[in-house]
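User: Could you take a close look at one part of this model for me? I'd like a single ring to start from, and then a walk outward through the rest.

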Amino acid sequence: MAKVKNFKTIFPAISIPMFDDYSINEPLLRKYVKWLSTFDEIGGLVCNGHTGEITGLTRAERKRVVEIVADEVGDEMTIISGINCENTRESIEMAIEAKEAGADGILLMPPHMWLRFGMNPNAPFEYVKDVAEGADIDIIIHLYPATSKAFYPVETLVKMCKEIDHVKCIKMGTRVTALYEHDVRILRRECPDISLITCHDETLMTSWYPGMDGALIGFAGCVPEIITEAWKAVKAQDYAKCREYAEKLYPISQAIYGGGQPSGEAHARMKEALVQRGIFENALMHRPVLPLSQEEKDWVRAGLEKSGCSKVTL
């Protein structure tokens, strides 16, 4: 039977284990994604997200990561690859490469020049349409924060969902609570078939409240046993359990995100958490992200202990 793609689930955005020379530790990556696949609320994996250091990997390394993950768990999970590029032509090429490597879809980020210079209001729609048509691949829209110049207003999102068949899901990264809930309501009304998933790692339980279809977060690749159980409680509308898991998540969330949005340093702390849990062998990050201080490592350790996150044997 053909695999059914699932865009309404928990997608961990995976970190990438590396050897001391910064090459991909392929055997450990295989063990890591196989472990994540054992959690029944995790129906897909995202390679080459910001957590996976997409901007630190070469184009060939990005493709290789997809090949490894798809080879290991692609028969049972929806495999998504991030696309981060400054021009449409190469975005299409990389999307095709991801598809050839085994990806079921892409997480399409806005060109980062828009963060600095802004954009023509029509450019996001044309960009997504061109990539969808050029690569013939399903797309998760990566919505950047409303405080950034690369944020897509809800009218643009509705147009993408209604007119581009390959758009299946929006990773809602609005990070302004009132606007987030407003836009979710509009999208639910106008585009009821589109999956809406949160990417608010740092306020996960709160961001699920408007009735989301899942999450796409690096956090789920770090403490999946807590996040998947929390998601079950949310779906069951068990408020007491939701509070219980919110309290359980809070210490490690603070240790990794410190109350702020995900960042290179947060991703480094997440890798350190994976090391302390016995999952990764080192916490190497591509520079210019710098190694953590001992104080930061101790902070991560305290967060893991307070959240009851034990050692893991892959």
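The charged end of which residue sits over the ring of Phe 125, and how far is it from the centre of that ring?

Analyst: Keep in mind that this is a predicted model. The residue you're after is Lys 159: its charged end sits over the Phe 125 ring, 4.5 Å from the ring centre.

Let's stay with the helix around Lys 159 for a bit. Helix α6 covers residues 154-163, and its buried residues are Val 154, Thr 156, Leu 157, Val 158, Met 160 and Cys 161. As a reminder, an α-helix has 3.6 residues a turn, so positions three or four places apart point the same way. The cover over the buried residues of α6 includes two helices, α5 (123-135) and α7 (177-190), along with the strands β5 (138-142) and β6 (167-172).

Cys 161 leads to the sulfurs. The closest cysteine sulfur to that of Cys 191 is the one in Cys 161, but at 4.3 Å it's too far for a bond. Cys 191 is buried, with a relative accessible area of 6%. Cys 222 has a similar story to tell: its closest cysteine sulfur belongs to Cys 309, and because the gap is 7.0 Å, that's too far for a bond as well. Cys 222 is at 0% relative accessibility, so it counts as buried. The tally for the structure is zero disulfides.

Back to rings. Searching the whole structure turns up six aromatic pairs. One of them is Tyr 32 with Phe 280: the ring centres are 5.1 Å apart and the planes sit at 75°, so this one is edge-to-face. The pair ties together distant parts of the chain, since Tyr 32 is in helix α1 (residues 26-36) while Phe 280 is in the loop between α11 (264-276) and α12 (294-306), 248 residues apart. Both Tyr 32 and Phe 280 are buried. Phe 219 and Tyr 257 make another edge-to-face pair, with centres 5.4 Å apart and planes at 90°. Here too distant parts of the chain are linked: Phe 219 is in the loop between β8 (215-217) and α9 (224-235), Tyr 257 is in helix α10 (residues 239-257), and the two positions lie 38 residues apart in numbering terms. Phe 219 and Tyr 257 are both buried. Then there's a cluster, in which ring pairs link Trp 114, Tyr 127 and Tyr 152.

The Tyr 32 and Phe 280 pair also has a shared neighbour in Ser 15. Ser 15 touches both Tyr 32 and Phe 280, and its other contacts beyond four places in sequence are Leu 29, Thr 51, Gly 52, Met 270, Lys 271 and Leu 274. You'll find Ser 15 in the loop between β1 (10-12) and α1, and at 1% relative accessibility it counts as buried.

Now the strands. Strand β3 (residues 78-83) pairs with β4 in the parallel sense, over four bridges, and Ile 83 has Leu 108 in β4 as its bridge partner. In a regular strand the side chains alternate between the two faces of the sheet. In β4 (residues 105-108), Gly 105 and Leu 107 point one way, Ile 106 and Leu 108 the other way, and all are buried.

Leu 107 is also among the contacts of Val 46, together with Phe 11, Pro 12, Ala 13, Ile 14, Ile 80 and Leu 216, setting aside neighbours within four places. Val 46 belongs to strand β2 (residues 44-47) and counts as buried at 0% relative accessibility. Its C-alpha is 7.1 Å from that of Gly 82, though the two are 36 residues apart along the chain.

Just ahead of that strand, Glu 41 is in the loop between α1 and β2. At 14% relative accessibility, Glu 41 counts as buried. Beyond four places in sequence, Glu 41 touches Thr 9, Ile 10, Thr 228, Trp 231, Lys 232 and Lys 235. Glu 41 and Pro 224 are 9.2 Å apart, C-alpha to C-alpha, with 183 residues of separation in sequence.

One last stop is Ser 207, in helix α8 (residues 204-208). A polar atom of the Ser 207 side chain lies 2.9 Å from the backbone oxygen of Leu 204. Ser 207 is buried, at 2% relative accessibility, and its contacts more than four places away in sequence are Tyr 180, Thr 198, His 200 and Met 212.

Key. Residues are numbered from 1 along each chain as its sequence is written. This is a predicted model: local features need pLDDT of at least 70, side-chain atom pairs count only at pLDDT 80 or more; totals for chains, interfaces and linings use all residues. Side-chain values use heavy atoms; hydrogens and water are left out. Buried means under 20% relative accessible area, exposed over 50%, partly exposed in between (1.4 Å probe, protein chains only). A polar contact is a pair of N or O atoms within 3.5 Å; within protein, one must be able to donate a hydrogen and the other to accept it, and residues adjacent in sequence count only if both atoms are side-chain atoms. Contact means heavy atoms within 4.5 Å. A disulfide is a pair of cysteine sulfur atoms within 2.5 Å. Rings of Phe, Tyr and Trp (its six-membered ring) pair if their centres lie within 6.5 Å; planes under 30 degrees apart count as stacked, over 60 as edge-to-face and the rest as tilted. A charge sits over a ring if NZ of Lys or CZ of Arg is within 6 Å of the ring centre and within 35 degrees of the ring normal. Two strands pair if DSSP finds at least two bridges between them.
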